[in-house]
Amino acid sequence: MNYLTIENASKTFGEKVLFQDLNLSINQGDKIALVAKNGTGKSTLLRIINGEEAVEGEQAKILFKKDITIAYLTQESQLKDDLTVLEEALNSDNPRLEAIQQYESALLSKDDERIQKAITKIEDLKAWDIEAKVKEILGKLKIYKLDQKVGSLSGGQQKRLSLAKVLIANPDFLILDEPTNHLDLEMIEWLEEYLQQPHLTIFMVTHDRYFLERVCNTIVDLEERKLASFKGNYSEYLEKKAAIQATEKANLNKMKKLYSKELNWIRRQPKARGTKAKSRVDKFYEIKEKAHQNVQEDEVEFIIQSERLGSKILEAYYVHKSFGELKVLDDFYYKFKKGEKIGVVGPNGVGKSTFIKILTKQIEPDQGKIVIGETVKFGVFAQEGLQLPEDKRVIDVVRDVAEYIPLEKGMKLTASSLLEKFLFTRNQQQVYYSQLSGGEKRRLYLLTVLMQNPNFLILDEPTNDLDIVTLNVLEEYLQSFKGCLMIISHDRYFMDKIVDHLFILRAGGSIKDFNGNYTEYKAREDEFLPNKPVIDKKTNENKSIPAETKKTDTKASSAKLSFKDKHRLEEIEKLLARNEARKKEITEQFSDASLSSTDMEALSKEMGLLMSEIEDLEMEWMEIADKVG
């Protein structure tokens, strides 16, 4: 059953043609993703389908099946600030959702008559299961404060509420623009599973390649203003696309050989030509045009070199940080090594961005010390992006950083030439920042970070709004990057390709250093849950056995222990208390700004021995406790 037909759709902005004579058919049960470079009209096409923008073309048509319901997730919030979270989630034309909304309102009024009427209406519509679904979807997207006003939510929370609202409406046809943005990894994996339901029909734009692989059954590719459709998931699309490009390349090589032959011929001819010669000249120009076609458009070039990085890079000495009762970092110790590529993962709200700001000294720790090497030059790509006047031209954004960019062997590149290598044409360089697409703004921001020649790159959600082509080139650049790299990202594919180990941030400020990528961690995730005893020498992470619990358990089980074991447990607890006290003293000393590097090294060595002894004592305590289960 056909849900949507697009015929001969075109769209231009000024002199720029986004697409021309597009044709697409979407049937019930299709799960289609649109793949294209930034600035080629992906979001524009979604808005045209949703009726927010006019389609161009004399014979253009956008035809929906009658009586189907449609929900559209935009990148910009369209929520009402004065409503509560629950009111906005239920704000729909769906009569079953309206019934639940009336019931929730009646409960707040405490009017028995209103409550009874609302209950009757819910029962008539058989809508009780909807209430459970609403609470489940909101909970899965970690939206818990249902009486909170929408206007008080953060941008990320509003994006999640918008997604929840779209799913709660349970439409026949879902149109989703970057649905995984602002979701943590747990939420993405839940959404991935939810959208796999056979009855859902989806047309979406996303850069998340694992998402494309696991959810979609068709990929449509917008390139050179035309649309091509590929049945299958993302890996099947890549195979078919590669085969097409290989054929095009072979044909192009043949055409270039023929062009060379014809060029030799035409150069030998006298100026006066007969009819027969003229037809051959016309054929020559046809061949010339085909021979000079590109198989695909130019890609972004990352040619910027990072500055030399010394042996001392970044060192964190037993750092603590809290905001009121919220503990962000608890006793974090780490010395960064040259060439490390670290992924930072953890649920939303655990403090990943704050962690980065502490390491770069934008936020001071409560205890402990951050030491940055003299040669370290940070390049930080933050979530909030560039904060620029909307009327600033693209070329001026780059010139504000530098007029020329030094390259290897004394070479240098102008700001304009560098922009061209980042796919900003000479014409685009003169447009205002406000006229760029979301992906183009992110690409420009990335350029301004890299052109400062950093040797310690910190990328906070770098994949948001970047197209897949740019992501592939960025990944290649980062794989060969010689400095240190730290990435916060919800993009599992991106993390798996780049990082060699992970910092896993958890509630309570603990950090686990896992040797491997995200998929490898996910396969062993149960081993690192908070209720499992996990000990790490650097972070002293063994939060599953607090001292209070140890003492209580000892008393409760002492009757089953031998006198020798009881005595040893008491000794261990005294030693642990003494060592913890000394550890606290050292941590406080690290906060002393006047501490010399020699003293710091001595204290660090003592702390290492202390942590090792604490670990051994805790392991011995557990072995004795195991005797009584």
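1. Let's start with strand β12 (residues 341-345) and its neighbour β18 (residues 484-488): in this predicted model, the two pair in the parallel sense over four bridges. If you want a spot to look at, Ile342 of β12 stands opposite Met486 in β18.

2. β12 also has a partnership with β19 (residues 501-505), again in the parallel sense and over four bridges. Two positions are handy for finding your way here. Gly343 stands opposite Leu502 in β19, and Val345 has Ile504 of β19 as its bridge partner.

3. How covered is β12? The strand is mostly covered, with five of its five residues buried. Lys341, Gly343 and Val345 point one way from the strand, while Ile342 and Val344 point the other way, and all are buried. This is a pattern you may know: in a regular strand the side chains alternate between the two faces of the sheet.

4. β19 tells a similar story. Five of its five residues are buried, so to speak of it as mostly covered is fair, given that buried means under 20% relative accessible area. His501, Phe503 and Leu505 lie on one side of β19 and Leu502 and Ile504 on the other, and both faces are covered.

5. On to the next partner of β19, which is strand β20 (residues 511-514): the two run antiparallel and are joined by four bridges. Ile504 stands opposite Lys512 in β20. The hairpin of β19 and β20 has five residues between the strands, and within this hairpin Gly508 takes a positive phi near 100°.

6. Which residues line the largest cavity? They are Asp184, Leu185, Val344, Val345, Gly346, Asn348, Lys352, Glu461, Ser489 and His490. Val344 and Val345 in that lining will be familiar from β12, where both are buried. The volume of this cavity is about 60 Å³, and the count of cavities of 30 Å³ or more comes to one. By residue class, the lining divides into three nonpolar, four polar and three charged.

7. The second largest pocket has a volume of about 910 Å³. It is lined by 33 residues, of which Arg160, Pro347, Asn348, Gly349 and Val350 are the closest to its centre. Asn348 is worth a second glance, as this residue also belongs to the lining of the largest cavity. At least two lining residues of the pocket come from each of α6 (155-168), β11 (326-335) and α11 (352-359). The pocket lining divides into 10 nonpolar, 15 polar and eight charged residues.

8. Does helix α3 (residues 95-109) come out longer or shorter than expected, or what does its span show? At 1.5 Å a residue, its 15 residues should span 21 Å, and the end C-alpha atoms are 21 Å apart, so the two values agree. Just after the helix, Lys110 takes a positive phi of about 60°.

9. What is buried in α3, and what covers it? The buried residues are Leu97, Ala99, Ile100, Tyr103, Glu104 and Ala106. Their cover includes α2 (85-89), α4 (112-125), α5 (128-140) and α6. You have met α6 already, among the elements that supply residues to the lining of the second largest pocket.

10. Finally, the whole protein. There are 20 helices and 20 strands, and 48% of the 629 residues count as buried. Among contacts with a separation of 6 or more, residues 24 or more positions apart account for 67%.

Note on methods. Residues numbered from 1 in each chain as written. Predicted model: local features only at pLDDT ≥ 70, side-chain atom pairs only at ≥ 80, totals over all residues. Heavy atoms only, no water. 1 Å grid on protein atoms, 1.4 Å probe; cavity = no way out; pocket = protein on both sides within 12 Å on 5 of 7 lines; lining within 4 Å. Points joined across faces, edges and corners; volume = space filled by probe spheres on them. Nonpolar A, V, L, I, M, F, W, Y, C, P; charged D, E, K, R; others polar. Buried < 20%, exposed > 50% of the residue type's maximum accessible area, 1.4 Å probe, protein only. Pairing = 2+ DSSP bridges. Expected span 1.5 Å × (residues − 1). Contact = heavy atoms within 4.5 Å.
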